[in-house]
Amino acid sequence: MLLAGRLPSPSTSCYPCPPACSRAGGGPTFPALPGSRTSPGPGRKEGSTCCGDARLTAANLDGVIEGPPTRRRHVSELYQSMSLLKQFGFSRRLLKVASCRITESASLVLLPWASLIQKLSRVPVIFLLDQRKRFSTMPEIETNHRDSELFSPPSDVRGMIELDRTAFKKTVTIPVLKVRKEVVNKLMRSLKRAALQRPGIKRVIEDPEDEEGRLIMLDPYKMFTVDSFEKEELSILKQLNVNPQISKYNLDLTYENFKSEEILRAVLPEGQDVTSGFSRVGHIAHLNLRDHQLPYKHLIGQVMIDKNPGITSAVNKINNIDNTYRNFEMEVLSGEENMMTKVRENNYTYEFDFSKVYWNPRLSTEHSRIAELLKPGDVLFDVFAGVGPFAIPAAKKNCTVFANDLNPESHKWLLHNCKLNKVDQKVKVFNLDGKDFLQGPVREELMQQLGPLSKERKHSVHIVMNLPAKAIEFLSAFKALLDGQPCGSELLPIVHCYSFSKDANPAKDIQQRAGTVLGISLEACSSVHLVRNVAPNKEMLCITFQIPAAILYKNQTVNRDNHEDPPLKRQRTDKDF
């Protein structure tokens, strides 16, 4: 609503009174809102209504239909204006009144509603604050657009293809407070609200006109005049003998003062998605650019390097992970072409050539989760081990580890990382296809682990299959894998199999697909863990279950609806999704 007149100072926490409140000083009196108090308070004339008393909320506005036709028309117009406000993104709760005192000398004059509606269709909602003609947007809009209004790069950088850092120079006017340098530290503790909060910009600078003086940068959206200070702040200023008069300072902004997201939003075509996030792999920033961002790819890469300390190379994935070795082609956007990198994850160190192996820093939590499930003495088979993020933590817990990967480069770096983390004596490394690994080394070890002496065994056997695109297909290798008499159900191997799902019920989807490959139902004897959201409507999940003896051993009868083995304790089900 647009209201003209004398209002409290900007430091007062209030909104102007709505037209449904009665006015002092004559003129039409509109119907009081339900729940409002119209009795006069101390020093208040009969008939005046204080918004602080009314406590107008969205709920109060419903049902205001009493009074003669003229009053009902005003109420109808109020609803009409509120409907218009919603078109600008304002919610009804913005009409809430905290405290607003109205007197005869400072009354609100309601502008003609027809004129108001006409103006609202063209401009944002604003309030005129007292006779100094300062304007302030609604708090929600002010919060959302603060930095984009003042601290945004110059508009003429739009469409820049090759990065020109000098084009980002800009001068803005900032309110400042002049103080003596010896009181700066004491004063800053009390001016946290009023001081400028902008990363990369010093809040205290030297006064160019006084060697012994300093300038404290103030928030340009809060601080306008002396009246902008709160009482407590004014009290501190008085104690320290500081003049509260606010001055202006021309602040020069350069490329270094803008955030990466601000730079890219200013450069890319208006309204398009901005890339400000990436996966960090040592010194490498790994981006997945969209088609509309490709014309700006080299600029984007350089901005990522400039704005992220330690990043010296930016790359973009140019195809999906669909080849045999689970790596992908990449293009160096900016910086050095060295893809040999070193990363730290969960207190372990890994070295590898990022262009030739698979590594995803977003799986750090999942690597840790699986390691926490293991106990010293357990056996872990890692079918698609990569460079060792599951195998090495398990070996550090004194587990016996069998790790395999088909990619010769992953195999090489897996051996290297086992030595680097001093677990090479605890990990047996293989370079086989996943199915060959399961039907060869895994089968041989399981025959020993689950043999006649298995009753004395107290440790568990875990099989990790982290190849989300295809791992479920490899479950068929477990069918009739072992000979002989089945072991006790409590000794059967526990499988952790990863997969993607785009289904509306991803947990049920992965259970059904895994069950179909094995030829049984897993819905009552498995748990499903949500690993991460890969893309809109695409989840990565892990299904955990014990392989039924009827599946694992030859010459066993399979109950396709449910097997006789006790179900694994369910840690998470489809209800979690």
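**Sheets, cores and salt bridges in the predicted model**

An open sheet of four antiparallel strands is arranged in the order β6-β7-β5-β8. The strands at its edges, β6 (204–207) and β8 (246–253), each pair on one side only. Neighbouring strands in this sheet are turned against each other by 45° on average, direction ignored. Within the sheet, β5 and β8 run antiparallel and are joined by eight bridges. Leu 177 stands opposite Ile 246 of β8. These descriptions, like those that follow, refer to a predicted model.

A further open sheet of four strands has the order β9-β10-β11-β12, and its pairing is mixed. The edge positions are held by β9 (279–281) and β12 (330–335); each has a single partner strand, so one side of each is left without a neighbour in the sheet. Here the average turn between neighbouring strands is 30°, direction ignored. Strand β11, comprising residues 313–317, pairs with β12 in the antiparallel sense over five bridges, and Val 315 stands opposite Val 332 in β12. Helix α9 (residues 297–307) lies across β10 (284–287), β11 and β12, and runs at about 60° to β12.

Helix α9 also takes part in a salt bridge between distant parts of the chain, in which Asp 306 of this helix is linked to Arg 165 in the loop between α5 (139–150) and β5 (170–180), 141 residues apart. The N to O distance between the side chains of Asp 306 and Arg 165 is 3.0 Å. Both partners are partly exposed: Asp 306 has a relative accessibility of 30%, and Arg 165 one of 35%.

Nonpolar side chains tend to be buried together in soluble globular proteins. The largest nonpolar core of the model contains 43 residues, among which Met 465, Leu 475 and Phe 478 touch the most other members. Two or more residues are contributed to this core by each of β15 (379–382), α13 (434–449), β18 (461–465), β19 (494–501), α14 (506–518), β21 (538–546) and α15 (549–552). Apart from its neighbours within four places in sequence, Phe 478 is in contact with Leu 438, Ile 463, Met 465, Val 495, Ile 547, Ile 551 and Leu 552. A second, separate core has 38 residues, including Val 315, Ala 391, Ala 395 and Val 427. Val 315 is thus named both in this second core and in the pairing opposite Val 332.

Helix α13, one of the elements contributing to the largest core, has a kink of about 40° centred on Val 442. Its buried residues are Gly 434, Phe 437, Leu 438, Gly 440, Pro 441, Val 442, Glu 445, Leu 446 and Gln 449. Val 442, at the centre of the kink, is therefore under 20% relative accessible area, the limit for a buried residue. The cover over the buried residues of α13 includes β15, β16 (400–404), β17 (427–430) and β18.

The salt bridges of the model number 15. Among them, Asp 509 and Arg 513 meet through their side chains at 3.2 Å, N to O. These two residues are four apart in helix α14, and are therefore separated by about one helical turn. An α-helix has 3.6 residues a turn, so residues three or four places apart point the same way. The partners are not equally accessible: Asp 509, at 15% relative accessibility, counts as buried, whereas Arg 513, at 30%, counts as partly exposed.

Helix α12 (residues 408–420) holds a comparable pair, Glu 409 and Lys 412, which lie three residues apart and so are separated by about one helical turn. The closest N and O atoms of this salt bridge are 3.5 Å apart. Lys 412 has a relative accessible area of 43% and is partly exposed. His 411 is found in helix α12 as well, but this residue is buried, with a relative accessible area of 19%. When residues up to four places away in sequence are not counted, His 411 touches Asp 405, Val 429, Phe 430 and Asn 431. Elsewhere in the model, Arg 193, Glu 230 and Glu 233 are linked in a network of salt bridges.

Definitions and conventions:
Residues are numbered from 1 along each chain as its sequence is written. This is a predicted model: local features need pLDDT of at least 70, side-chain atom pairs count only at pLDDT 80 or more; totals for chains, interfaces and linings use all residues. Side-chain values use heavy atoms; hydrogens and water are left out. A nonpolar core is a set of buried Ala, Val, Leu, Ile, Met, Phe, Trp, Tyr and Cys residues joined through side-chain atoms within 4.5 Å. Buried means under 20% relative accessible area, exposed over 50%, partly exposed in between (1.4 Å probe, protein chains only). Contact means heavy atoms within 4.5 Å. Two strands pair if DSSP finds at least two bridges between them. Axes are lines fitted to C-alpha atoms, for helices over the stretch in contact, and angles run from 0 to 180 degrees between N-to-C directions. A salt bridge is a side-chain nitrogen of Lys or Arg within 4 Å of a carboxyl oxygen of Asp or Glu. The bend at a residue is the angle between axes fitted to the seven residues ending there and the seven starting there.
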